[in-house]
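Student: I have a new model open and would like to walk through it with you. Could we take it piece by piece?

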Amino acid sequence: MKLAEMFSSHPNQLWHLAKQMGVNYAVGPLPKEENGLKPWDFVNLMHMKKRFNDSGLELAVIESRPPANKIKLGLPGRDEEIAVIQELIRNMGKVGIPVWCYDFMAEFNWFRTSTTTRTRGGALVSSYDHSLMKDAPFTENAPISEDQLWENLKYYLEAIVPVAEESKVKLALHPDDPPISPIRGVSRILTSASALQRAIDLVPSEYSGITLCQGTLATAGDHIPTVIRSFAEQGKLFFVHFRDVRGTAEKFEETFHDDGKTNMLEAMRTYFEVGYTGPARPDHVPTMAGEDNAHPGYELLGRLFGVGYIKGLMEAAGS
């Protein structure tokens, strides 16, 4: 397993702390638009990869997306959005960035009803309570049915999977978070491991696989070691979000890595058993004492805790 962290596109404190902790792989965003170059431009991507290289980090994954809501909703203009994503994939291949983590959540990305839930020692985590959303207004484009989304996902994959094959870039599809449907009139279709399987089977390819977000799939009720084995045996496990939760899709909260419902050592041993050698990073960490929670799930101290915990599990599983 390649232990990675999610970094900004330019060096900051985390770049240095990660190296001090022994992290050698980077998960990056799309770079900022600079000097008139779009984030998906070849030169922009090349410059970002070189910045990571010069800091001793290998850029293993891009985990952000150009605009794609028209694609997901099947609206006019989706082909123009697809063309941009095709350009991104081609340029990732030319630059040598091997994995793109993408999603198919329409209208809004991951969603929570609270980012100030108290957990161990008063640390703050995000949580979701579906009962609080029963009277939430629909989004502008709602209602959106599951059938619409499946149809639009197939159209999308038919357009980008051949480009990924040509460019040798792995497409790592992230499940919907929360894994419950609908929210604000917007259906969610990637709400379980079986739904992810259905999605990648729409346009079969060795370059179309998944991001195994342990927290999301644990929330959905999937057994994480079983999911690991299933997708690894198919060669479809491209990227891992190593995190945990407590609760169900109807009502759950994030946890420290050692305080959720998943047997994390069993999960790590399973990655070793199946021979997984791809990137994995901690995700959605608690905000700890002294931090202002300006970036819920992505403050610094919880990420340091997560990296240390994962390193310990890796050593235990590998011994």
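Tutor: What follows is a chat about the sheets of this predicted model, one of its helices and one of its residues.

Student: Okay, in what order do the strands close into a barrel?

Tutor: Eight strands close up in the order β1-β2-β3-β4-β7-β8-β9-β12, and their pairing is parallel. Neighbouring strands of this sheet are turned by 30 degrees against each other on average, with direction ignored.

Student: How many bridges join β4 to its partners, β3 and β7?

Tutor: Strands β3 and β4 run parallel and are joined by two bridges, while four bridges join β4 to β7, again in a parallel run. You can follow V99 through both pairings, since V99 is the bridge partner of V61 on one side and of K170 in β7 on the other.

Student: Which way do the residues of β4 point?

Tutor: V99 and C101 point one way from the strand, W100 and Y102 point the other way, and all of them are buried. In a regular strand the side chains alternate between the two faces of the sheet.

Student: And going on from β7, which sense does its pairing with β8 have?

Tutor: Strand β7, residues 170–173, pairs with β8, residues 208–213, in the parallel sense over three bridges. L171 has S208 in β8 as its bridge partner.

Student: Now helices: which strands does α4 lie across?

Tutor: Helix α4, made of residues 78–95, lies across β3, β4 and β7, and it runs at about 150 degrees to β4. For another helix on the barrel strands, look at α9, residues 264–274, which lies across β8 and β9 and runs at about 160 degrees to β9.

Student: What span should α4 have, and how far apart are its ends?

Tutor: With 1.5 Å a residue, the 18 residues of α4 should span 26 Å, and the end C-alpha atoms are indeed 26 Å apart, so the two values agree. Just after this helix comes G96, which takes a positive phi of about 95 degrees.

Student: Which residues of α4 are buried, and what do they pack against?

Tutor: The buried residues of α4 include I82, I85, L88, I89, M92 and V95, but also R78, E81, Q86 and N91. They pack against α2, β3, α3, β4, α5 and β7. An α-helix has 3.6 residues a turn, so residues three or four places apart point the same way.

Student: Switching to N152, where does it sit, and is it buried or exposed?

Tutor: N152 is in helix α5, which covers residues 146–167. N152 counts as buried because its relative accessible area is 8%, and the cut-off for buried is under 20%.

Student: What is N152 in contact with, leaving aside its neighbours within four places in sequence?

Tutor: On that basis N152 is in contact with I71, K72, L73, G74, R78 and F104. For L73 there is a further detail, as its backbone oxygen lies 3.5 Å from a polar atom of the N152 side chain. R78 came up before as one of the buried residues of α4.

Student: Last topic: what is the strand order in the open sheet?

Tutor: The open sheet has four strands in the order β5-β6-β11-β10, with antiparallel pairing. Its edge strands are β5 and β10, each of which pairs on one side only. Neighbouring strands here are turned by 35 degrees against each other on average, direction ignored.

Student: How many bridges join β10 to β11?

Tutor: Three bridges join them, and the two strands run antiparallel, with G247 standing opposite F252 in β11.

Conventions. Residues are numbered from 1 along each chain as its sequence is written. This is a predicted model: local features need pLDDT of at least 70, side-chain atom pairs count only at pLDDT 80 or more; totals for chains, interfaces and linings use all residues. Side-chain values use heavy atoms; hydrogens and water are left out. Buried means under 20% relative accessible area, exposed over 50%, partly exposed in between (1.4 Å probe, protein chains only). A polar contact is a pair of N or O atoms within 3.5 Å; within protein, one must be able to donate a hydrogen and the other to accept it, and residues adjacent in sequence count only if both atoms are side-chain atoms. Contact means heavy atoms within 4.5 Å. Two strands pair if DSSP finds at least two bridges between them. Axes are lines fitted to C-alpha atoms, for helices over the stretch in contact, and angles run from 0 to 180 degrees between N-to-C directions. The expected span of a helix is 1.5 Å times one less than its number of residues.
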